[in-house]
Amino acid sequence: MNDFLNIVEKYQGEFYSYINHLINQDKKLLVLGDIVEKFNQFKEEHNIKNDELEEITSLMQEAIIISNTIYFEIRIKIGISEFYSINQEELNIDQIAISSYLHVKERFVDELTDESIPTLDFAPFYNDIPLVRDAKNIGSGFEYLNKFLSSKMFNDGDQWKEHLFNFLKIHSYRGQQLLINGKLKNYSELETAVKKGLKFLNTKNDNELFDDIYHKLHELGFSHGLGKDVKETKTTLNLLDDLLNSPDNVILKDFISRIPMIFNIAIVSPHGYFAQEGVLGMPDTGGQVVYILDQVKALEKSLQQTLKTAGLQIKPKIVILTRLIPNAGGTTCNQKEEKVINSENVWIIRVPFREHNKKVTDNWISRFEIWPYLEEFAEDSFIQLKAEFNGRPDLVIGNYSDGNLVAYLLSRKFGVTMSCIAHALEKSKYLFSDLYWNQMEEDYNFSLQFTADLIAMNSSDFQITSTFQEIAGTESTVGQYETHRHFTLPGLFRVKNGINLHHPKFNIVSPGVNENIYFPYYEEDRRITGTANELKEIIFGDREDPDVLGQLKHPEKIPVISMARLDSNKNLTSLVRWFGESKEMQEHANLIIVAGKISEEGSSDKEEIAEIRKMHNYINDYNLHNKIKWIGKLLRKDEAGEIYRLVAEHGGVFVQPGLFEGFGLTVLEAMTSGLPVIATKYGGPLEIIQHGKNGFHIDPVNATESTMEINKVLEKISKDKKYWKKLSDNSIKRVEEAYNWRLHSRKLLDLAKIYGFWKFTNNLEEDGLSAYLEIIYQLLFKQRAKKLLEKHDSK
């Protein structure tokens, strides 16, 4: 019997009394927050003081009440849930199967729901996969995999030596054989050659170039790519010698990381407006664009360095694959190719969306509507990428749900390693978006998105996440990926074991910030005076501007700034409402909102239009015209960086009130500029911010609590300028120490190599899983995408 059942048995009188309380109240579908709130009411009414009962109540993630029976999910520990039912008359607790619980949820939505819908279950495909056992190590797949593989090499001896030999043989670049040549026929000859090679190298000067020793090494069976000189070549061969004779995880990691395996990378991001200037703040266009543009520059530098160390004069190439939009709204998104600034060989390549055998689509399409175009996009992109790389990429990285699905299609066709970066899984952002998918389908098409997510996360060789909680949440909250373990789309399909959080494919690789754009406010010599003065006038001055709403009657007050896309999840309108309802906040501060457009006439995004209307309503209702600046301009990145610094100069604070934030790139940007940050506790900021040290967490669902926290910080800052300086300095230090693109790019390349090695030696792309995913793609995703296209055509 587990701890939950033990506590229920121990306090069954109080527990069943509480269950009756839940069954008898009006709300019949409850989430954790509801359950805890109801328990607190019950506890107060009945004067109950029981920590153990309170603890198990906090494990109840969800409850459904049908007639006189309650069904609930208990999260025993991270990634592990159990399901129970209690009948009010019998007051007996029964454990039920996942499938039974999912069927209850379906009946709750529709009593006549079809029970015969398919159940997707991925568990059988992972029976032979080594799993990360300890929950605290979830997201450390790279480290675990190195230990697992080196252990297999140590224990299985000759078989793994043969695998390693065959792996080394396959490496070449445009017809040039790398590492070892055809003279070596098996691993035994390789072992002998390594010994002879090291003996020869020990007679040479470390600084001698590889070309000077190539002839002798070629005779022994070696080729280019071992190192640029004697020193680097010796390091590589010593590691290989150790790996063949006494492998361990450190040796394996160091050796595989030196192999020149990655020359060409395709990074996929179809939705929104992808360009280097003038797009941030446009529909579906925000942090992901910034993330990728910063990432590719760091990746190129890391690739150049590793190839240089290997002694190869090869120019790596990175392609950002995105959508070409003919009616690009004044951006460069209608250009077929665009070189990435401050790079040597990184390109944005744009491929248009087209309907099957029909013309190119001309206008922006919402990320929720693009699903019917992705297969044709992938087919056209396959041809384009073959031409760009004069062959194939070595690695395909998908971004967000649409990019990850295209990465699945491309990597399958190219036969290369695939990685996925979710950025934000929509299922965790929209409450009950699975259960009520049918009602939300008109606007969001979640049936397609959730199917695409399942396909991508189960087909990828490795998943990159920014934080632990993105995968597995916390002790008390469920992670984004964790929400895909089991769910149902009533009438369509149900999922059990949709993803295994303990799979070693999960890796936490936090991003950084562009240090050329986002830097501390006090580094005056790096700031552009003209830009700073122009933006200072926009924020704190009286200049009339058609893209700016409001004036600051008292510009000397503490500036509270928020910058994001204008959509419901970013929750900026709630921040305006909190400000409007709080006289205390208005007394201490002015509010600066940098988001979207101030006129709905300039937007074609339904969600953005709704938020624009809300913004105007709140500003009018609370009479905030002299206390707020709403800047509806599309800012360049350098302008965004300067705005942060200007607000920091004035002793301001950055507030990120999102209902959920996958990572929180704007939080990093604000912190590295010197701004103390108050941000949502739901998502990445929970790990970025050290509460009370360099920022503060708020619960944006609780308006009263959030307002109190913001006011508490503002009051303390207004009384003690040293306190602001302490928070500011700690914010800058936090980003410098934990979040930078150099570390990110090096680890990403190491991941690509070790997972490529694992895929080769273990044939991880199992036929069974591949066939299963193909069935899901063809019968579930593709059929629904076809219906959505027919709906588009009928409009």
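**Working through the cavity, a core and one Asn**

The lining of the largest cavity splits into 20 nonpolar, 14 polar and eleven charged residues. This is a predicted model, where local features need pLDDT of at least 70 and side-chain atom pairs pLDDT 80 or more, while totals for chains, interfaces and linings use all residues. Numbering starts from 1 along each chain as its sequence is written, and side-chain values use heavy atoms, with hydrogens and water left out.

**Exercise 1.** Find how much space lies in the largest cavity and which residues lie nearest its centre.

*Solution.* Start with the rule: on a 1 Å grid over the protein atoms alone, a cavity is a set of points where a 1.4 Å probe fits but cannot get out, and lining residues have an atom within 4 Å of a point. Next, the volume: about 790 Å³. Then the lining: 45 residues, with Gly286, Gly287, Gln288, Arg565 and Lys570 nearest the centre. Finally, helix 12 gives the largest share, four residues; helices here are DSSP runs of H or I, at least four residues, and strands are E runs of at least two.

**Exercise 2.** Place Asn514 and work out whether Asn514 is buried or exposed.

*Solution.* First, look in the loop between strand 18 (506-508) and helix 18 (529-540). Asn514 has a relative accessible area of 9%, so it's buried (under 20%; exposed is over 50%, partly exposed in between, with a 1.4 Å probe and protein chains only). Now check its partners: not counting residues up to four places away in sequence, Asn514 touches Asp294, Lys297 and Trp741 (heavy atoms within 4.5 Å).

Technical notes
On a 1 Å grid over the protein atoms alone, a cavity is a set of points where a 1.4 Å probe fits but cannot get out, and a pocket is an open set with protein on both sides within 12 Å along at least five of seven lines; lining residues have an atom within 4 Å of a point. Grid points are joined across faces, edges and corners, and a volume is the space filled by probe spheres set on the points. Ala, Val, Leu, Ile, Met, Phe, Trp, Tyr, Cys and Pro count as nonpolar, Asp, Glu, Lys and Arg as charged, and the others, Gly among them, as polar.
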